[in-house]
Amino acid sequence: MSAPDGSPVGAERSIGQLFASATTELSALVHDEIALAKAQLKQDVKRGAVSGVGFSAAGAVLVFSLPMLNFALAYGIHAWTGGHNGEGGWNLGWCFLLSFAANVLIAGLLALIGVVFAKKAKKSKGPQKVAASMKETAGVLQNAKPHPRPELPALEQRAPEAIEAVARSSS
């Protein structure tokens with residue numbers, strides 16, 4: 001196993017290597033946050049499209065169903081109120097008005113579905129969540145403190161090889 005910069009994990013790494021590793025990981029984190037924002041924005045656009053389709057369907061139903069539904073419903077109401085057997089029934093004008101009201105009710109329900117999806121798309125906090133996450137990450141990185149190093153024995157007690165290894169790794 002190795003670190004992102006290619007050096008073996010657990011081996012002594014220089015400050016430059018540690019900085020390069022941290023930079024690589026931070027870059028990957030930022031790229032992932034941007035990908036998340038794009039995915040959430042795509043979902044919001046999809047919800048908006050469903051809302052638009054709902055409104056369009058409501059309009060299409062209202063426009064294309066009015067003639068046929070109005071005639072069928074008006075004559076049905078007229079027949080239901082007794083007009084089919086010569087007793088007169090309701091006036092056809094009132095029957096047509098009632099059938100139009102039924103069509104408006106259906107279109108209103110479809111528009112309500114469109115409004116519900118539009119509100120869901122508007123309430124979505126996708127980009128705000130990503131921005132908050134990135135701010136949190138930046139705050140954590142700003143407040144990061146280096147880990148304390150273990151105390152080393154006095155230089156006189158150390159072996160010359162250890163001193164030489166430290167000198168090589170820091171250069």
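This text leads through a predicted model of a single chain, from its overall fold to individual residues of its helices.

The chain contains four helices and zero strands. Read from the N terminus, the order of elements is α-α-α-α. Of its 171 residues, 15% count as buried. The accessible surface comes to about 13,000 Å², and carbon and sulfur atoms contribute 68% of that area. Among the contacts with a separation of 6 or more, 58% link residues that are 24 or more positions apart.

An annotation can be set beside this picture. In an unreviewed entry, UniProt lists residues 48-77 and 97-118 under "transmembrane region". In the model, residues 48-77 are 100% helix and 0% strand, and the end C-alpha atoms of this span lie 39 Å apart. Residues 97-118 are likewise 100% helix and 0% strand, with 31 Å between the end C-alpha atoms.

Helix α2 covers residues 92-123. Its geometry can be checked against an expected length: at 1.5 Å a residue, its 32 residues should span 46 Å, and the end C-alpha atoms are 47 Å apart, which agrees.

Which residues of α2 are buried? They are C95, S99, N103, A107, G114 and A121. An α-helix has 3.6 residues a turn, so residues three or four places apart point the same way. The cover over the buried residues of α2 includes helix α1, residues 15-80.

S99 serves as an example of this buried set. The residue lies in helix α2, and it counts as buried because its relative accessibility is 0%, where the limit is under 20%. Leaving aside residues up to four places away in sequence, S99 touches L69, N70, L73, A74 and I77. A further pair describes the spacing here: S99 and A72 are 27 residues apart in sequence, while their C-alpha atoms are 8.4 Å apart in space.

The surface of α2 offers another view. F55, L105, L109, L112, V115 and V116 make a nonpolar surface patch of about 540 Å². Helix α2 supplies the largest share of this patch, with five residues. L105 is found in α2, and this residue is classed as exposed because its relative accessible area is 57%, against a threshold of over 50%. V115 also has its place in helix α2. With a relative accessible area of 32%, V115 is partly exposed, so it falls between the limits for buried and exposed residues. Another member of the patch, F55, is 60 residues from V115 along the chain, yet the C-alpha atoms of the two are separated by 8.2 Å.

Helix α1 provides a further buried position, E33. What is the relative accessible area of E33? The value is 9%, and E33 is therefore buried under the cut-off of 20%. Not counting residues up to four places away in sequence, E33 touches V130, S133, M134 and T137.

Taken together, these examples describe helix α2 from two sides. Buried residues, including S99, have α1 as part of their cover, whereas L105 is exposed and belongs to the nonpolar patch that it forms with F55 and others.

Methods:
Residues numbered from 1 in each chain as written. Predicted model: local features only at pLDDT ≥ 70, side-chain atom pairs only at ≥ 80, totals over all residues. Heavy atoms only, no water. Buried < 20%, exposed > 50% of the residue type's maximum accessible area, 1.4 Å probe, protein only. Contact = heavy atoms within 4.5 Å. Areas by Shrake-Rupley, 256 points an atom, 1.4 Å probe, with all protein chains shown as cover. UniProt positions renumbered as here; feature names shortened; annotations may be inferred. Patch = residues over 30% accessible without salt bridge, like charges linked within 9 Å, V, L, I, M, F, W, Y side chains within 5 Å. Salt bridge = Lys/Arg side-chain N within 4 Å of Asp/Glu carboxyl O. Expected span 1.5 Å × (residues − 1).
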